[in-house]
Amino acid sequence: MAASITRSRNAELPRAVAAALANPAPGVDRTVSAAGYDWFVRSWGSNADAPLLLIHGVTSDADAFWRLGPALVAAGRHVLAIDLPGHGRTGGWLGRHRFAETAADVVELVRALDLAGRPDLAVLGHSWGGMVAAALPAAGLAPRTLILLDPPCLPLRYLALMTKDPEEQPTADLDEAVARFRAAHPGWLDGDVRAKAVGVTRFDVGAVGSILLDNGDWDAGIAALADPAAEASDVWLIRGDPKAGCLVPDAAIPAIEQRLGTDHVVTISGAPHSPQRTHIEPLVAAILAAIAP
């Protein structure tokens with residue numbers, strides 16, 4: 001197996017990007033109607049800059065990117081983060097749980113945002129969002145750059161366990177959720193604690209169950225990327241460290257590297273499944289390498 005690129009936690013970043021991470025700016029929120037949903041969209045930066053769409057994972061929402069969005073704006077991007085159906089502030093779930101279905105709905109949103117024709121569009125999807133992002137080309141949208149952030153490569157029996165994970169259970173009491181996540185993750189910043197806590201107070205339980213249980217085995221999006229339309233995109237996979245909770249095991253890497261190329265598979269040493277919470281500096285460095293002109 002060819003070696004993956006490994007980036008240290010102490011990755012050097014441009015000064016403006018590091019400053020944005022230290023003091024992230026709030027985004028601008030709006031609602032956009034498309035594909036039968038009223039989508040929540042948060043954006044940072046100027047419409048004149050190259051767009052970068054961020055897609056969250058299951059039980060999460062756009063708040064998960066509270067630092068990543070401003071950091072990428074400081075690197076010259078117009079960043080948009082969305083709440084997927086059944087999550088966050090996006091309108092009622094319509095039962096479309098298949099990756100291809102959600103991808104088709106996202107394509108309609110991208111068209112409503114007037115981004116579908118942008119030759120400089122980049123898309124990053126985390127976890128479930130990575131599975132959705134991998135299905136975008138087949139659904140009619142092939143971004144210039146497509147980044148899959150720790151898209152799970154797991155059999156259904158392990159996905160079923162996620163539905164019983166105490167951290168992923170719905171919670172009505174926000175204060176209780178904040179206290180629970182702060183105690184469980186003392187190393188997280190307050191913004192990440194709150195984003196995760198808020199996320200578990202506002203997802204649709206039926207949507208999450210169908211997403212996790214009715215999509216079969218997850219394959220890190222590799223099958224979707226076999227569609228000829230994906231050849232138009234420069235595809236990267238960024239994962240955490242299997243020793244720290246990453247959901248893309250070493251055994252899956254040869255097939256991924258065969259499709260994407262060894263230099264397009266990045267492992268962040270010591271990072272868990274969600275590097276945006278704990279290893280954001282090397283994550284941003286890896287993203288900047290992927291979206292470089």
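Trainee: What makes helix α7 (residues 190–199) largely enclosed by the rest of the structure?

Mentor: Seven of the 10 residues of helix α7 are buried, so this helix is largely enclosed by the rest of the structure. Please keep in mind that the model is predicted.

Trainee: Which residues of α7 are buried?

Mentor: They are Asp-192, Val-193, Ala-195, Lys-196, Ala-197, Val-198 and Gly-199. Each of them therefore has a relative accessible area under 20%. The cover over the buried residues of α7 includes α6 (174–184) and α11.

Trainee: Lys-196 is thus a buried residue of α7. Where does the largest pocket have its centre, in terms of the closest residues?

Mentor: Lys-196 appears there too: together with Thr-59, Asp-165, Glu-168 and His-273, Lys-196 is among the closest to the centre of the largest pocket, out of 35 lining residues. The volume of this pocket is about 670 Å³.

Trainee: Which elements give two or more residues to the lining of the largest pocket?

Mentor: These are α5 (156–162), α8 (205–213) and α11 (275–278). Helix α8 contributes the most, with four residues. By class, the lining consists of 15 nonpolar, 15 polar and five charged residues.

Trainee: Why does Thr-59 count as buried?

Mentor: Its relative accessibility is 1%. The cut-off for a buried residue is under 20%, so Thr-59 meets it. The residue sits in the loop between β4 (50–55) and α2 (68–74).

Trainee: What is notable about the phi of Thr-59?

Mentor: Thr-59 has a positive phi of about 65°, although it is not a glycine. Most residues other than glycine have a negative phi. Ser-127 also has a positive value, with phi near 55°, and is likewise a residue other than glycine. Ser-127 belongs to the loop between β6 (122–126) and α4.

Trainee: Why is Ser-127 called buried?

Mentor: The relative accessible area of Ser-127 is 7%. Set against the limit of under 20%, this value places Ser-127 among buried residues, so the term applies.

Trainee: What lines the second largest pocket?

Mentor: The lining has 14 residues, and those nearest the centre are Phe-99, Ala-100, Ala-135, Ala-223 and Ala-224. Two or more residues come from each of α3, α4 (128–134), β9 (218–219) and α9 (222–225). There are 10 nonpolar, two polar and two charged residues in this lining, and the pocket holds about 180 Å³ of space.

Trainee: Which members of the largest nonpolar core touch the most other members?

Mentor: Among its 59 residues, these are Trp-39, Ile-82, Val-106, Leu-225 and Ile-256. Helix α3 (residues 99–112) gives the most to this core, with six residues. In soluble globular proteins, nonpolar side chains tend to be buried together.

Trainee: What does Ile-82 touch?

Mentor: Beyond residues up to four places away in sequence, Ile-82 touches several residues, including Trp-39, Leu-53, Ile-55, Val-106 and Leu-109. Phe-40 is also on that list. A second, separate core of 32 residues includes Phe-40, as well as Trp-44, Val-266 and Ile-287.

Trainee: How many disulfides are there?

Mentor: The count is zero. The sulfur of Cys-153 has that of Cys-246 as its nearest cysteine sulfur, at 9.8 Å. A disulfide requires sulfur atoms within 2.5 Å, so Cys-153 is in none.

Trainee: What makes Cys-246 buried?

Mentor: Cys-246 has a relative accessible area of 9%, which is under 20%, and therefore counts as buried. Among its contacts is Gly-240, which also touches Asp-150, Thr-267, Ile-268, Ala-271 and Pro-272, leaving aside residues up to four places away in sequence.

Trainee: Why is Gly-240 called buried?

Mentor: The relative accessible area of Gly-240 is 0%, and the limit is under 20%, so Gly-240 is buried. Gly-240 lies in the loop between β10 (234–239) and α10 (253–260). Its C-alpha atom is 8.5 Å from that of Val-266, which is 26 residues apart from it along the chain.

Trainee: What makes Ser-43 buried?

Mentor: Ser-43 has a relative accessible area of 11%, again under 20%, so the word buried applies. Ser-43 is in strand β3 (residues 37–44). Apart from neighbours within four places in sequence, Ser-43 is in contact with Gly-27, Val-28, His-78, Val-79 and Leu-80.

Terms used:
Residues numbered from 1 in each chain as written. Predicted model: local features only at pLDDT ≥ 70, side-chain atom pairs only at ≥ 80, totals over all residues. Heavy atoms only, no water. Core = buried A, V, L, I, M, F, W, Y, C linked by side-chain atoms within 4.5 Å. Buried < 20%, exposed > 50% of the residue type's maximum accessible area, 1.4 Å probe, protein only. Contact = heavy atoms within 4.5 Å. 1 Å grid on protein atoms, 1.4 Å probe; cavity = no way out; pocket = protein on both sides within 12 Å on 5 of 7 lines; lining within 4 Å. Points joined across faces, edges and corners; volume = space filled by probe spheres on them. Nonpolar A, V, L, I, M, F, W, Y, C, P; charged D, E, K, R; others polar.
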